[in-house]
Amino acid sequence: MRTIKVFFLYDYLALYDVYAYYTYMSKQLELVQFPKVNHVRILVNEISFRNAHLHKEFEILLVIKGHGEFTINGEKCPCEEGDLFLIGSHDIHSISAKPLPDGSFDIKNPPVFLILQISNHFLLNYFPQIRTTMFKSGKLNEILPGERTAIGTRLLIDSALSYFKQEKYYQVTLISEISQIMAYLYKYVDHQIVSEIEKEKIKKKSNRLERIVSYIDLNYANHIRLEDIASEEDLSVTHFSHLFSSYFGVTFQEYVNLRRMESAIRLMENNEKSLLEISYESGFSDPKYMTKMFIKRFGCTPKAYRKEHMTVDGANVTKVYSTEEKEIILTPADSIKVLEAYKTDKNINP
């Protein structure tokens with residue numbers, strides 16, 4: 001898959017599978033393949049906001065540039081250049097640009113991340129325990145102090161350069177480097193190899209989250225009630241409300257409002273639609289309430305947002321603000337430039 005897609009996603013959940021993840025917020029199945037080496041995917045992304053989601057893959061992220069914030073299982077953690085994070089399988093996490101005092105995000109100065117995703121089927125024939133391993137998510141700089149963090153960073157960058165450069169026999173080199181990374185995690189990072197029964201419980205939790213998000217995606221434009229979903233899940237309203245907030249770090253109503261904002265941003269691409277029409281079609285009962293939500297999230301009104309991010313014919317300017325992801329995936333050539341510049345600046349030797 002050589003086409004580079006630019007996605008901007010505001011959904012609070014994207015459920016990954018080994019070869020695919022489901023983007024329910026945009027009502028489509030988005031196929032994510034491992035195009036170069038099975039069960040390994042590497043990206044260099046500029047991320048303004050990546051809403052809460054979970055996936056089966058282990059994920060390691062290095063902050064190449066800028067400042068931002070992670071929320072992992074409901075706990076916020078600031079991040080800055082040089083920070084290294086591990087996201088375990090099925091842990092709910094989100095990424096954003098640096099939060100501003102008014103509660104919005106500094107989307108004009110988004111952080112850039114090197115992201116490594118490793119399937120829980122990587123080297124499965126040789127180490128079957130990987131399929132049921134649950135790593136503890138967190139900031140590796142605190143778990144691997146000093147030289148250990150430096151070693152992990154070097155291994156990550158070297159594997160990424162092998163992935164993007166595709167030099168002769170790079171597949172063998174890449175598998176070797178990723179294996180070293182996995183061995184390093186198993187040696188120094190807290191983890192648990194769970195039973196098949198425990199793994200099935202985790203899968204059931206993911207399925208429940210999938211159902212909840214799918215329901216919201218189908219009904220956000222209409223009157224939608226927490227009580228209805230609670231009934232579908234055979235839970236009390238109180239229990240469901242607490243469960244939802246603990247999973248996503250926001251209330252049910254906040255989540256629905258953000259989904260409606262996603263719709264509003266997509267509809268803005270149609271220059272023939274007025275903001276009044278957009279507000280109602282997105283499910284907002286009052287255009288003033290939509291304005292309030294935009295100011296809270298982006299620090300500007302819908303009118304100002306549309307003017308800044310759309311051209312006169314409704315097309316996007318330099319970044320695509322759609323209903324998928326608010327992130328820019330760098331091309332392989334640009335990724336190599338960014339990574340080699342980072343190695344030079346930080347004096348990271350092979």
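These legends walk you through three close-up views of a predicted model.

**View 1. A nonpolar patch sits on the surface.** Five side chains to look for here are those of Leu-123, Tyr-126, Phe-127, Ile-175 and Ile-193, which form the patch. Together they offer about 470 Å² of accessible area. To find your way, start with Leu-123: this residue belongs to the loop that runs between strand S10 (112-118) and strand S11 (133-135). Is Leu-123 buried or exposed, or somewhere in between? Leu-123 counts as partly exposed because its relative accessible area is 30%, and partly exposed residues fall between the 20% and 50% cut-offs.

**View 2. Asp-217 and Arg-259 meet through their side chains.** Follow helix H4 (residues 196-219) and you will come to Asp-217. This residue is buried, because its relative accessible area is 4%, and the cut-off for buried is under 20%. Which residue does the side chain of Asp-217 touch in a polar contact? The partner is Arg-259, and the contact between the two side chains spans 2.8 Å.

**View 3. The second largest cavity holds about 80 Å³ of space.** Searching the whole structure turns up five cavities of 30 Å³ or more, and this view shows the second largest. Which elements give two or more residues to its lining? They are helix H2 (147-165) and helix H3 (170-188). Residues to spot around the cavity include Ile-60, Leu-84, Leu-140 and Leu-144. Also in the lining are Gly-152, Leu-155, Leu-156, Ile-181, Tyr-184 and Leu-185.

Definitions and conventions
Residues are numbered from 1 along each chain as its sequence is written. This is a predicted model: local features need pLDDT of at least 70, side-chain atom pairs count only at pLDDT 80 or more; totals for chains, interfaces and linings use all residues. Side-chain values use heavy atoms; hydrogens and water are left out. Patches are made of residues with over 30% relative accessible area and no salt bridge: like charges are joined within 9 Å, nonpolar side chains (Val, Leu, Ile, Met, Phe, Trp, Tyr) within 5 Å. Accessible areas come from the Shrake-Rupley method with a 1.4 Å probe; for residues, only the protein chains shown count as cover. A salt bridge is a side-chain nitrogen of Lys or Arg within 4 Å of a carboxyl oxygen of Asp or Glu. Helices (H or I, at least four residues) and strands (E, at least two) are DSSP runs, numbered from the N terminus. Buried means under 20% relative accessible area, exposed over 50%, partly exposed in between (1.4 Å probe, protein chains only). A polar contact is a pair of N or O atoms within 3.5 Å; within protein, one must be able to donate a hydrogen and the other to accept it, and residues adjacent in sequence count only if both atoms are side-chain atoms. On a 1 Å grid over the protein atoms alone, a cavity is a set of points where a 1.4 Å probe fits but cannot get out, and a pocket is an open set with protein on both sides within 12 Å along at least five of seven lines; lining residues have an atom within 4 Å of a point. Grid points are joined across faces, edges and corners, and a volume is the space filled by probe spheres set on the points.
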